[in-house]
Amino acid sequence: MSTGTDPVPLRETLPAPAAKDTTKETRAHTTTAYLRYVAGKLAGAAVSLLAVLVTGFFLFRLIPGDPVRTMTGGRPVSARQLAAYRREFGLDLPLWHQFTDYCGKALTGDLGTSYQFRTPVLDKITEALPNTLLLTGTAFVLYTALGITLGTRSAWRHGRLGDRLNTGLALTLYSVPSFWLGLLLIIVFSVGAGPVPGLFPTGGMESAGTSGFAHVTDVAHHLVLPVLTLVAVEYGQTLLVTRSALLDEMGSDYLTTARAKGLRDDQVRRRHAVPNALLPTVTLVFVNLGRTVAGVILVETVFSWPGLGGLFYQALSVPDLPLVQGLFLFFASAVIVMNTLADLVYPLLDPRVGR
Amino acid sequence: MSARVRLGRRHPEPPGRQDGRTGRDRRSARSSVLRLAALTGASALALSATLATPLNPTPQQAEAKEGKKVLTVAVAQSVDSLSPFLAIRLSSTGVNRLMYEYLTDYDPGDNHAIPGLATKWKPSADKLTWTYTIRSGATWSDGRRVTAKDAAWTFNKMMTDEAAATANGSFVANFREVTAPSPTELVIELKKPQATMAALDVPIVPEHVWSKVKDLGKFNNDKKFPVVGDGPYVLTDYKPDSYVRMEANKTFWRGAPRFDELVFKYYKDGDAAVAALRKGEVSFVSGLTPAQSASLGHQSDIKVNDAPGRRFYALAVNPGARTRNGTPMGDGDPSLRDPRVREALFRAVDRKALIDKVFQGHAVEGAGYIPPRFSTYFWKPSADQARGYDPARAARLLDEAGYKKNGAGKRLGKDGKPLDYRLLCHATDPNDKAAGQYLKEWWGKLGIGVTLDCLDNVSDPWLAGTYDLAFDGWSVNPDPDYVLSIHTCAALPATPKETASTDNFICDKQYDELYARQLAEYDPARRAGLVKRMESRLYDLGYMNVMAYPNAVEAYRTDQIAKIRTMPAKAGNIYGQDGYWSWWSAKPAASDGSSDGSGSTGVVIGVVAGVVVLAALGTVLALRRRATAGDRE
């Protein structure tokens with residue numbers, strides 16, 4: 001306890017009204033401790049972001065390849081033109097100069113211009129971000145809900161056939177490569193196999209030439225298989241973490257007490273056991289939420305989903321340095337922000353954290 | 001753990017409590033499940049609804065009218081830009097080729113230059129002035145007439161604006177002045193004679209639209225639709241990495257395409273594209289692997305087109321990298337400067353085996369520098385000139401050159417160290433890796449070691465000259481000027497630090513003289529003769545071993561496309577032609593003629609989604625009832 005207060009002597013020495021002040025003081029100290037905790041976490045996040053900014057710049061300059069030469073590869077380009085490209089993209093400047101330029105602009109939200117698309121990096125990110133969020137966000141909501149629900153039930157009915165089936169299936173799907181599973185789903189549910197008709201599109205996010213409600217249903221139609229792939233591969237992790245955390249809580253005395261108070265088994269589980277077992281799951285949920293932004297490259301590739309994952313792959317293959325750096329910064333920031341949020345939520349779930 | 005479970009079982013809830021589980025409680029339990037399901041669904045829908053529209057900058061287009069004939073083509077390569085001044089990639093230049101006419105086109109039969117926007121063209125007596133007669137009946141898709149002024153504006157813009165020269169600047173590098181004395185007359189003055197004036201692959205854009213663009217370096221031509229053009233198709237919609245949608249230009253001077261719409265749909269995974277073809281979601285797929293083409297070959301309603309390709313696949317030897325003034329650079333093995341060593345290496349390569357094993361028959365054995373589909377310039381060595389497969393002679397050549405085997409069977413270099421070459425290969429190309437293994441084996445038998453350097457990006461070591469051997473390959477245009485130019489001394493870098501357009505640091509005076517002569521030769525037959533002599537010289541120099549001409553393997557649905565023109569007409573390819581012939585000529589099949597663009601979405605999704613949701617809800621409720629069975633009487 002960082003407050004250093006000892007309520008017992010206070011209660012002994014001070015008159016009755018003072019006891020009320022003590023409670024206030026304790027609250028104040030708790031608030032101060034929490035604020036200090038928050039400040040610490042925010043400072044940590046800021047340092048991490050700075051490290052990402054610096055690392056991103058230097059890391060990707062280790063990728064072999066001359067970006068200007070690579071992006072003009074295969075076609076006739078004069079030496080004058082090559083020099084003009086270098087000047088245009090600031091590649092003729094000393095490295096430190098490029099670095100200060102990059103940092104200064106990044107802090108104002110300018111991530112530079114993509115070499116290959118001749119478009120501001122931020123525009124390319126905002127163009128692909130909704131697509132990625134739609135895919136991974138939908139999958140995230142579903143696999144988190146499914147994982148927590150089934151994980152809770154598995155733990156509560158630990159050792160029974162349902163639990164064994166649940167965990168077995170979760171472990172199997174978690175081990176399956178998403179790329180392979182995606183292709184399998186395409187063959188079975190898109191093309192059609194045996195008695196199963198081809199119900200869903202083989203790829204992409206939308207059909208050309210749709211609008212209004214037809215466009216919404218069209219996108220939803222395209223969404224089914226990639227979401228199913230992601231949910232199948234990802235829900236197992238949440239299930240296993242939830243199940244494990246809940247199993248640890250199941251022998252606790254407070255659950256026996258809760259039952260002794262006359263609460264039903266269902267109430268004991270929902271109101272007492274699950275909230276206390278949620279901490280590891282919350283961590284996982286926030287980490288997954290951060291990863292959601294980065295998309296899932298393999299699933300986006302196999303389903304030709306026009307998201308950030310595919311964009312990152314394209315940027316790396318050139319290499320399109322501003323785009324690679326911008327996406328790296330964006331992905332890393334998402335994870336840092338989500339981890340920080342998880343840190344800030346912990347004390348609300350478990351008051352012992354942060355004191 | 002088991003103790004905890006037992007604890008739970010030993011202390012069951014008293015019956016009274018179970019009695020206390022009223023209907024209200026059950027409803028409460030069920031409603032919590034429903035709440036969860038509703039919350040999940042609502043969140044997903046909210047997310048979809050929120051994110052699918054406001055952040056998405058691309059405008060929505062009206063739904064395609066029913067009854068339209070739509071030709072859907074699967075593509076993989078992202079569009080870099082739809083501006084003809086900036087577009088570099090094949091996917092983008094292919095779209096531009098459909099949107100904007102060039103001065104001339106290539107005959108789909110044999111690739112010779114034929115009228116395009118220009119009906120005729122002729123050089124002056126001094127070979128420095130070219131006059132083009134511009135077609136008087138051509139119009140832009142907004143109804144305005146196409147004139148010589150549009151062409152003059154396009155070329156002048158490229159000559160004066162660095163950004164406008166990004167994609168096609170090399171075509172105007174030798175231009176002195178471009179003028180349009182009348183709406184049907186275009187005059188181009190050159191600095192020196194240039195034989196490629198009937199092969200100017202430059203999209204001509206409408207001046208009245210493009211003169212309003214402030215910064216051509218940042219304008220990607222992909223926001224405002226329809227885009228004004230004069231090609232066979234008009235660009236009507238584009239969503240990055242989703243699709244490019246074009247409508248037939250009904251006023252196209254050569255005649256309107258038969259399909260009403262052409263859609264390039266993105267498939268980043270080749271197997272998914274093949275699945276889409278099987279299903280009928282797309283009409284055409286290119287770039288098939290041998291396994292894919294074999295499996296599609298057995299399916300009815302699908303035709304596999306295994307066409308002679310426009311690429312060559314070669315082995316390049318570092319000739320001793322150097323700058324233009326002769327300064328050595330890189331670290332290529334000096335033994336490779338000995339022509340006997342190079343010949344020995346090439347004679348140990350079994351091209352037939354590579355065709356059979358690596359390309360699985362989908363390639364033609366290589367010889368000259370230009371593939372046989374370009375018949376005008378195709379050359380192959382005579383019997384006594386050819387370096388055929390002869391490992392015994394290869395071993396003798398190495399012995400003669402002084403590279404003897406040691407006790408361990410390894411050939412030793414002049415420095416007494418075993419010969420061990422680095423072979424640069426593209427990590428993303430499975431052919432390189434497979435061919436590399438064969439070369440390791442064949443050269444290993446000669447006593448030469450090989451290290452395969454497979455990299456994602458081979459540009460750096462290649463440009464720095466830090467390689468011994470490398471897999472090389474280029475797509476050749478109907479006019480071969482560019483692929484010939486990359487072996488001239490002028491293409492070498494000015495300094496070791498500078499990059500240049502050289503392919504393999506080859507610099508030969510005799511080759512350069514022939515190159516200059518062919519560029520100034522306006523007689524087609526004499527020029528072809530000079531090009532063949534250049535190929536012969538390149539072959540004799542022995543720095544390049546053209547091993548194969550890989551085929552273009554593609555497939556289309558015959559129940560959607562009744563007829564489509566290949567290029568060349570006899571045994572040619574469909575995707576990536578030098579022109580718009582394939583998509584312009586494609587004729588819909590009588591059945592329905594259009595690919596299935598998931599049109600019955602609403603019905604299918606309604607049924608399927610409903611069944612899935614009900615099944616999921618039912619399962620959850622059943623699980624829940626089972627889980628709480630012990631709580632009930």
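## A parallel pair in chain B

Strand S15 (residues 420–426) of chain B pairs with S16(B) in the parallel sense, over seven bridges. Leu423(B) has Leu452(B) in S16(B) as its bridge partner. The model is predicted.

Both strands belong to an open sheet of six strands. Its order is S14-S18-S13-S17-S15-S16 (chain B), and the pairing is mixed. Strand S14 (363–365) and strand S16 (449–455) of chain B stand at the edges. Each has a single partner strand, so one side of each is left without a neighbour in the sheet. From one strand to the next, the twist averages 30°.

## Strand S9 and its two partners

How many residues of strand S9 (residues 243–248) of chain B are buried? Five of its six are, so the strand is mostly covered by the cut-off of under 20% relative accessible area.

S9(B) has an antiparallel partner in strand S8 (residues 233–239) of chain B, with six bridges between them. Here Leu235(B) stands opposite Met246(B) in S9(B). The hairpin of S8(B) and S9(B) has three residues between the strands. Asp241(B) takes a positive phi near 60° in this hairpin.

Strand S10 (residues 261–266) of chain B also runs antiparallel to S9(B), joined by five bridges. Met246(B) stands opposite Leu262(B) in S10(B). Met246(B) thus faces Leu235(B) in the pairing with S8(B) and Leu262(B) in the pairing with S10(B).

## Helix H5 of chain A

Helix H5 of chain A covers residues 95–107. At 1.5 Å a residue, its 13 residues should span 18 Å. The end C-alpha atoms are 18 Å apart, which agrees.

Which residues of H5(A) are buried? They are Gln98(A), Phe99(A), Tyr102(A), Cys103(A) and Ala106(A). Seen down the helix axis, the buried residues fall within an arc of 130°, so they line one face of H5(A). Trp96(A) and Leu107(A), on the other side, are exposed. Just after the helix, Gly109(A) takes a positive phi of about 90°.

## Aromatic pairs

The count comes to 31 aromatic pairs over all chains. One of them joins Phe58(A) and Phe99(A). The centres are 5.0 Å apart and the planes make an angle of 35°, a tilted pair. Phe58(A) lies in helix H2 (residues 16–59) of chain A, and Phe99(A) lies in helix H5 of chain A. The pair therefore ties together parts that are 41 residues apart in sequence.

Are the two rings' residues buried or exposed? Phe58(A) has 36% relative accessibility, so this residue counts as partly exposed. Phe99(A) is buried, because its relative accessible area is 19% and the limit for buried is under 20%.

In chain B, Tyr580(B) and Trp581(B) form another tilted pair, 5.2 Å centre to centre with 55° between the planes. Both Tyr580(B) and Trp581(B) are buried.

## An aromatic cluster and charges over rings

Tyr580(B) and Trp581(B) are also part of one aromatic cluster. Phe252(B), Trp253(B) and Trp584(B) belong to that cluster too.

Where does the charged end of Arg135(B) sit? It sits over the ring of Trp253(B), 3.3 Å from the ring centre. Trp253(B) thus takes part in the cluster and has the charged end of Arg135(B) over its ring. Arg373(B) likewise has its charged end over a ring, that of Phe374(B), 5.4 Å from the centre.

Note on methods
Residues are numbered from 1 along each chain as its sequence is written. Chains are lettered from A and ligands numbered from 1 in the order in which they are written. This is a predicted model: local features need pLDDT of at least 70, side-chain atom pairs count only at pLDDT 80 or more; totals for chains, interfaces and linings use all residues. Side-chain values use heavy atoms; hydrogens and water are left out. Helices (H or I, at least four residues) and strands (E, at least two) are DSSP runs, numbered from the N terminus. The expected span of a helix is 1.5 Å times one less than its number of residues. Buried means under 20% relative accessible area, exposed over 50%, partly exposed in between (1.4 Å probe, protein chains only). The arc is that of the directions from the helix axis to the C-beta atoms. Rings of Phe, Tyr and Trp (its six-membered ring) pair if their centres lie within 6.5 Å; planes under 30 degrees apart count as stacked, over 60 as edge-to-face and the rest as tilted. A charge sits over a ring if NZ of Lys or CZ of Arg is within 6 Å of the ring centre and within 35 degrees of the ring normal. Two strands pair if DSSP finds at least two bridges between them. Axes are lines fitted to C-alpha atoms, for helices over the stretch in contact, and angles run from 0 to 180 degrees between N-to-C directions.
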